[in-house]
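Student: Please choose one residue of this structure and take me closely through its surroundings. I would like a connected account, with the cut-offs stated as you go.

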Amino acid sequence: MRKKGSKNDGAMGQAAGVDRRLEERLGIEQEWKMRFPRELSGGELQRFCIARALGEKTKFLLADEISTMLDLITQSQIWNFLLQEVKEREIGLLVVSHSDG
């Protein structure tokens, strides 16, 4: 049994090699890494998921309803970051939405 706070414990335990620059640009706080996923908000979890999905070898990203359950401010922050990141890195992006808006 692992002790809380061990290296592989928190939300990023299996995300070895995530670029620190991505974490900073997504607003991921170091303290969040020591929490279990159930202790994070939906927006915090989504930021981790995006950071993990944008590994250095990522060439294409399928964004299927990635911000649907988030508040408007968090949606805006995530989409602004994501659009800038895919443009800078020339990553393909396919956005799936079931919204009429």
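Tutor: The account below starts from glutamate 23 and follows its contacts outward. The model is a predicted one, in which local features need pLDDT of at least 70 and side-chain atom pairs count only at pLDDT 80 or more, while totals for chains, interfaces and linings use all residues. Residues are numbered from 1 along each chain as its sequence is written, and side-chain values use heavy atoms, with hydrogens and water left out.

Glutamate 23 is found in helix H1, which covers residues 20–26 (helices are DSSP runs of H or I with at least four residues, and strands are E runs of at least two, numbered from the N terminus). Its relative accessibility is 3%, so glutamate 23 counts as buried (under 20% relative accessible area is buried, over 50% exposed and in between partly exposed, with a 1.4 Å probe and protein chains only).

The side chain of glutamate 23 has two partners to consider here, glutamine 30 and arginine 20. With the side chain of glutamine 30 it makes a polar contact of 3.3 Å (a pair of N or O atoms within 3.5 Å, where within protein one must be able to donate a hydrogen and the other to accept it, and residues adjacent in sequence count only if both atoms are side-chain atoms). With arginine 20, the side chain of glutamate 23 forms a salt bridge at 2.8 Å, N to O (a side-chain nitrogen of Lys or Arg within 4 Å of a carboxyl oxygen of Asp or Glu), and the side chains of these two residues are also joined by a polar contact of 2.8 Å. Side chains of opposite charge can pair when their charged atoms come close. Both residues belong to helix H1 and stand three residues apart, about one turn of the helix.

Arginine 20, at 35% relative accessibility, counts as partly exposed, and it has a further salt bridge, to glutamate 24, with the closest N and O atoms 3.6 Å apart. This pair also lies within H1, four residues apart, again about one turn of the helix. Glutamate 24 counts as exposed because its relative accessibility is 52%, whereas glutamate 23 counts as buried at 3%.

Elsewhere in H1, arginine 21 forms a salt bridge with glutamate 85, the closest N and O atoms being 2.7 Å apart. That pair links distant parts of the chain, since glutamate 85 is in helix H3 and arginine 21 in helix H1, 64 residues apart. Glutamate 85 counts as buried because its relative accessibility is 0%, while arginine 21 is partly exposed, with a relative accessible area of 32%. Shared partners join the salt bridges of Asp19, Arg21, Arg25, Glu85, Glu88 and Arg89 into one network, and the structure holds ten salt bridges.

One further relation returns us to the starting residue: glutamate 23 and arginine 52 are 29 residues apart in sequence, and their C-alpha atoms are 9.5 Å apart in space.
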